[in-house]
Amino acid sequence: MTFAGDMPEGQFGRLMKANFDRLVDGAHGAASAALAGAKADLAILISCVGRKMVLKQRTEEEVEAVREVLGETTALTGFYSYGEICPVAPGASCELHNQTMTITTFSE
């Protein structure tokens, strides 16, 4: 079995089953959180390659969900990553996140 991050010896792993609709809903939620009521001119979408492996040809659906929230005038760009490293909450230590959609918006 291969893990995307470090697996400490003696710890337990949890297997998960992906749900297409929840992955797309997650992208929609990330866009809503990134927008936070302000107009965005540019959005950088970083999606985990694990999501791409699960969604396969349905990857367009998560981009469409983001487009629905951000609107037609927001320029979208992005790429796939192999996980993201950031804190779970403000002030917390950084941890590896997997199968996430991260969105950063810019406006002038």
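**View 1. I103 and the residues around it.** Not counting residues up to four places away in sequence, I103 touches A27, A30, A31, A34, A43, I44, L45 and V66, where contact means heavy atoms within 4.5 Å. This is a predicted model, in which local features need pLDDT of at least 70, side-chain atom pairs count only at pLDDT 80 or more, and totals for chains, interfaces and linings use all residues. Residues are numbered from 1 along each chain as its sequence is written, and side-chain values use heavy atoms, with hydrogens and water left out.

**View 2. The largest nonpolar core.** I103 is one of twelve residues in this core, alongside A27, A30, A31, L35, A40, A43, L45, V66, V69, L70 and M101. Such a core is a set of buried Ala, Val, Leu, Ile, Met, Phe, Trp, Tyr and Cys residues joined through side-chain atoms within 4.5 Å; buried means under 20% relative accessible area, exposed over 50%, and partly exposed in between (1.4 Å probe, protein chains only). Two or more residues each come from α1 (20-35), β1, α3 (59-70) and β5 (101-106), with α1 giving the largest share, four residues. Helices (H or I, at least four residues) and strands (E, at least two) are DSSP runs, numbered from the N terminus.

**View 3. S47 in strand β1.** S47 sits in β1 (residues 42-48) and counts as buried because its relative accessibility is 5%. Its side chain makes a polar contact of 3.0 Å with that of E62; here this means a pair of N or O atoms within 3.5 Å, and within protein one must be able to donate a hydrogen and the other to accept it, while residues adjacent in sequence count only if both atoms are side-chain atoms. In β2, Y80 stands opposite S47.

Conventions: Pairing = 2+ DSSP bridges.
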